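This report covers selected local features of one model, arranged by topic. Please keep the sequence and the structure at hand while reading.

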Amino acid sequence: MPTPTDELALGDDLRAFVDASPSPSHAVAELARRLGAAGFTELAEVDRWQLAPGAAHFVVRRGGSLIAFRVGSAPLASSGMRLVGAHTDSPTFKVRPHNDVRQAGYRLVGVEPYGGALLHTWLDRELTVAGRVALRGGRTALVRLPGAPLRLPSLAIHLDRSVREGLTLDPQRHLVPVWDRDLGTTPGLAEALATAAGVDADDVVGHDLVLADTQPAARAGADGTWIAAPRLDDLACCHSGLTALLAAPAGERTQVLVCNDHEEVGSGSMQGARGSFLADVITRLVAVTDPGDVQAVHRAVARSVLVSADLGHAVHPTRADRHEPAHTPELGGGPVLKLNANQAYATDALGSGWFAERCAEAGVPVQYFVSRADLPCGSTIGPLTATRLGIPTVDVGAPMLAMHSCRELASALDVPLMVGALGACLRD
Ligand code: CO
């Protein structure tokens, strides 16, 4: 059994976090559960907030996004904040409103792709449905259907030899998960959701549901130090940020963890990074610590640093040609500082220097990632939040392989390194 000091213990805890979080709503519920167990109490956006120095709270917007904070002893305008940002969503498929599809003697579930999934990785896996249902009267319930009721079977090679030249998947026609044979009498998804929520089918009046892989996250690799799991992008950074925040001692500066939904589809929503959630929370924090000072928000933001934490690309064992030869992050090699000349990442000289110094304080190695000049670059919540708020931001993340696969790969050795680096940032 690993002990708490075992270098794999935090990786094992990440696996438990991922298994508890098949949807953004579940990730937020698990974050809230862990925050509550550590003494953080929930605030509602509709209430008036009373905040004392040292107070630790969290607030949830629309089920999929969460902001947690520990109020510092100094007013925000004079000390600023240290923030860690990550995202709760991952590429998947969203269940459609009219989802009861019947064809070829089967009953299927109509879904729509969400984000940039590696579509073929969803074939032949044990899938379920998870997320949030709206109930009559304005209540909501988290649901995860038991077992593995859904599947996207491959077409046998005998029925389409052209697959040897490359698999082409049309999401509308080919990626409709099968539920059962169409026997006319067996319960469908609607009945199963109601049963899982403990209500009548008529009481379910809306849903935000996604497909999820049911195979538990696993230790992998020859020495068992790798983690094979769904949704590591970006649940791994939600987990590292939370773990760092819970371990950080209260100080002068206010410490913040922001976990946004909708990053994989551009962040344009009320709970996404383009929305007002973080700005609203900061405005309310400052209103309490610096009442009546109309410049306080701007002073607080200008004194702050946001560490935008999202997974980065480790060099691929057989496709190293897709990496910039002088920038090849290794699994287990520590946090990756992400830079891009075209501002797909928010990291600049001051930000990268500041983060590297914090890592040095924590005894954590730093790696660097840039895209090849002949390849486009992914992005994160970092530049969006920096653009919206004018907050100094640095983009970092743990290295991984198979990003946006249904089953991704990272190193458990990077988990304590990320937690150590983010902890040093929050303590700064
Ligand atoms: Co991501």
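## Cobalt site

In this predicted model, the site of the cobalt ion is irregular, with angles of 54 to 137 degrees among its 4 donor atoms. Four donors count as tetrahedral if all angles lie between 85 and 135 degrees, so angles of 54 to 137 degrees rule that label out. The coordinating atoms come from His87 (NE2), Asp233 (OD) and Asp310, the last of which is listed twice through OD, at 2.0 to 2.5 Å. Along the chain, the donor residues follow the spacing H-x145-D-x76-D.

Histidine 87 belongs to strand 4 (residues 81–87) and aspartate 233 to helix 6 (residues 232–247), so this pair ties together parts that are 146 residues apart in sequence. Both of these residues are away from the surface by the accessibility criterion: histidine 87 is buried at 1% relative accessibility, and aspartate 233 is buried with a relative accessible area of 2%.

## Helix 6 and its contacts

Aspartate 233 also takes part in a cis peptide bond, which joins it to aspartate 234 with omega at about 10 degrees. Aspartate 234 is placed in helix 6. The helix has 16 residues and spans 21 Å from its first C-alpha to its last, close to the 22 Å expected at 1.5 Å a residue.

How is helix 6 placed relative to the rest of the structure? It is largely enclosed, because 14 of its 16 residues are buried. One long-range approach involves leucine 246, whose C-alpha atom is separated by 7.0 Å from that of alanine 38, although the two are 208 residues apart along the chain. Alanine 38 sits in the loop between helix 2 (24–37) and strand 1 (41–43) and is partly exposed, with a relative accessible area of 43%.

## Five-stranded sheet

An open sheet of 5 strands has mixed pairing and the order 11-12-20-19-15. Its edges are strand 11 (218–220) and strand 15 (312–313); each has a single partner strand, so one side of each is left without a neighbour in the sheet.

Strand 15 pairs with strand 19 (residues 399–401) in the parallel sense over 2 bridges, and glycine 312 has proline 399 in strand 19 as its bridge partner. Strand 19 and strand 20 are antiparallel, also joined by 2 bridges, with methionine 400 partnered by alanine 410 in strand 20. Strand 12 (residues 226–229) runs antiparallel to strand 20, and 4 bridges join them; here alanine 229 has glutamate 408 as its partner.

Which residues point each way from strand 20 (residues 408–411)? Glu408 and Ala410 point one way, Leu409 and Ser411 the other, and all are buried. The hairpin of strand 19 and strand 20 has 6 residues between the strands. Within this loop, alanine 402 has a positive phi near 65 degrees, in a residue other than glycine, and is partly exposed with a relative accessible area of 36%.

## Strands 5 to 8

Strand 7 (127–135) and strand 8 (residues 139–144) pair in the antiparallel sense over 6 bridges. Arginine 132 stands opposite leucine 142 in strand 8. The two strands form a hairpin with 3 residues between them, and glycine 137 in the turn has a positive phi of about 95 degrees.

The loop between strand 6 and strand 7 holds aspartate 124, another residue other than glycine with a positive phi, near 60 degrees. Aspartate 124 counts as partly exposed at 38% relative accessibility.

## Aromatic rings

The count of aromatic pairs is 2. In one of them, the rings of phenylalanine 93 and tryptophan 122 have centres 5.4 Å apart and planes at 80 degrees, so the pair is edge-to-face. Phenylalanine 93 is in strand 5 (residues 92–103) and tryptophan 122 in the loop between strand 6 (106–114) and strand 7, 29 residues apart. Phenylalanine 93 is buried at 1% relative accessibility, and tryptophan 122 is buried with a relative accessible area of 4%.

A contact between a charge and a ring is found at tryptophan 49: the charged end of arginine 284 sits over that ring, 3.9 Å from its centre.

Key
Residues numbered from 1 in each chain as written. Predicted model: local features only at pLDDT ≥ 70, side-chain atom pairs only at ≥ 80, totals over all residues. Heavy atoms only, no water. Phe/Tyr/Trp six-rings, centres within 6.5 Å; stacked < 30°, edge-to-face > 60°. Helix = DSSP H or I, 4+ residues; strand = E, 2+ residues; numbered from the N terminus. Buried < 20%, exposed > 50% of the residue type's maximum accessible area, 1.4 Å probe, protein only. Lys NZ or Arg CZ within 6 Å of the ring centre and 35° of its normal. Donors = N, O, S within 2.8 Å, 3.2 Å for Na, K, Ca; no water. Tetrahedral: all angles 85-135°; square planar, octahedral: opposite > 155°, others 65-115°. Pairing = 2+ DSSP bridges. Expected span 1.5 Å × (residues − 1).
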